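Visitor: Hey, got a minute to walk me through this model? I'd like to poke around a bit.
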Amino acid sequence: MKNKNLRDIQREWVETVVHGYVKQNRDVVFSNPFFFGIPELANQENCIMIVGQEPDGFSPYSDKWDSAAIRQWCLDYLSVQLGEKENVPEQSLVGNPSPFWKAFRLMRKDGKRVCWNNLDKLHRIGADGKTQALSRQDEAVFNRPYGREKKSLLRREIEIARPSVVWMAVGPARRESVEISFGLPKGTLQEKRPRRAQWLSEIGGILKLNMPVYWTYHPNYLNFLGVLEECVCRIARHNKQ
């Protein structure tokens with residue numbers, strides 16, 4: 001039921017927000033969207049939602065893409081990173097050794113169910129075919145609250161999935177995008193942004209969500225600081241101290 005509800009709101013978001021903007025900016029090559037889905041096991045019990053910055057290496061945007069196929073690919077990719085490849089029919093998928101995916105494996109090793117989402121659902125594609133971040137204007141459009149409920153896609157996905165914890169592993173540079181996604185005035189989260197001396201902040205109350213929300217540096221930088229494993233441990237135990 002949760003995944004069906006997710007499909008419905010994602011379809012509405014594409015029709016309401018994405019299609020028109022992409023057509024108005026034909027000089028920009030956008031990727032196909034990332035579609036969040038809930039793994040079968042995580043659907044049966046509380047899970048920790050890890051939110052990354054953006055997808056990487058997605059194919060160019062097309063009106064003919066199959067949202068169900070994209071969503072399943074994302075779920076399969078997550079399964080492979082967690083060492084559950086026997087459940088995945090696409091055997092060409094391989095493990096990713098990056099700190100981002102190491103965080104998922106550490107969380108799973110701690111006995112936690114995890115699901116994978118992204119703050120930005122699309123990315124730009126450069127002339128060299130490589131992934132580029134969205135512009136601030138792109139983020140302001142794709143991440144904005146919309147529809148009668150005036151909620152962003154990310155907020156709607158969180159409310160449907162009802163994770164026990166949300167880990168916003170997006171770093172301080174995505175502050176404005178987070179503020180846009182949760183309908184906050186610009187600068188609201190400035191004092192809560194991750195810093196080297198305090199790389200984890202709890203912002204669930206500010207975002208008006210009914211679960212802990214931890215905002216940290218991206219796992220790449222947490223790994224550089226040597227605190228990735230400590231961060232995973234603290235979030236897994238819902239400990240912000």
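Guide: Sure, let's go through pockets, packing and rings; keep in mind that this is a predicted model.

Visitor: Okay, pockets. How much space lies in the largest pocket?
Guide: About 410 Å³. The lining has 17 residues, and the closest to the pocket's centre are Glu54, Pro55, Asp56, Phe100 and Trp101.

Visitor: Which helices and strands supply at least two residues of that lining?
Guide: Helix H2 (67-81), helix H3 (99-109) and strand E2 (114-118) each do.

Visitor: And what's the lining like by class?
Guide: Mixed: 7 nonpolar, 8 polar and 2 charged residues.

Visitor: Switching to packing. Which residues touch the most other members in the largest nonpolar core?
Guide: Phe142, Trp167 and Met168, out of 76 residues in that core. Helix H1 (residues 2-24) gives the largest share, 8 residues.

Visitor: What does phenylalanine 142 touch?
Guide: Leaving out residues up to four places away in sequence, Phe142 touches Trp13, Val17, Val18, Tyr21, Val22, Phe30, Leu122 and Leu134.

Visitor: Is there a general reason to expect a core like that?
Guide: In soluble globular proteins, nonpolar side chains tend to be buried together.

Visitor: Now aromatics. How many aromatic pairs does the structure hold?
Guide: There are 14. One of them is tyrosine 221 with phenylalanine 224, a stacked pair at 5.6 Å centre to centre with 25° between the planes.

Visitor: Why are tyrosine 221 and phenylalanine 224 separated by about one helical turn?
Guide: Because they sit 3 residues apart in helix H8 (residues 219-225).

Visitor: Are those two buried or exposed?
Guide: Tyrosine 221 is partly exposed, at 27% relative accessibility. Phenylalanine 224 is exposed, with a relative accessible area of 60%, and the cut-off for exposed is over 50%.

Visitor: Which residues do ring pairs link into a cluster?
Guide: Phe34, Phe58, Trp73, Tyr77, Phe100, Trp101, Phe104 and Trp116. Phe100 and Trp101 came up earlier too, among the residues closest to the centre of the largest pocket.

Visitor: Last one: where does glycine 187 lie?
Guide: In the loop between helix H6 (175-181) and strand E6 (200-202). At 32% relative accessibility, glycine 187 counts as partly exposed, since that class runs between 20% and 50%.

Visitor: What does glycine 187 touch?
Guide: Arg175 and Glu179, again not counting residues up to four places away in sequence. The C-alpha atoms of glycine 187 and glutamate 176 are separated by 7.4 Å, with the two residues 11 apart along the chain.

Note on methods:
Residues numbered from 1 in each chain as written. Predicted model: local features only at pLDDT ≥ 70, side-chain atom pairs only at ≥ 80, totals over all residues. Heavy atoms only, no water. 1 Å grid on protein atoms, 1.4 Å probe; cavity = no way out; pocket = protein on both sides within 12 Å on 5 of 7 lines; lining within 4 Å. Points joined across faces, edges and corners; volume = space filled by probe spheres on them. Helix = DSSP H or I, 4+ residues; strand = E, 2+ residues; numbered from the N terminus. Nonpolar A, V, L, I, M, F, W, Y, C, P; charged D, E, K, R; others polar. Core = buried A, V, L, I, M, F, W, Y, C linked by side-chain atoms within 4.5 Å. Buried < 20%, exposed > 50% of the residue type's maximum accessible area, 1.4 Å probe, protein only. Contact = heavy atoms within 4.5 Å. Phe/Tyr/Trp six-rings, centres within 6.5 Å; stacked < 30°, edge-to-face > 60°.
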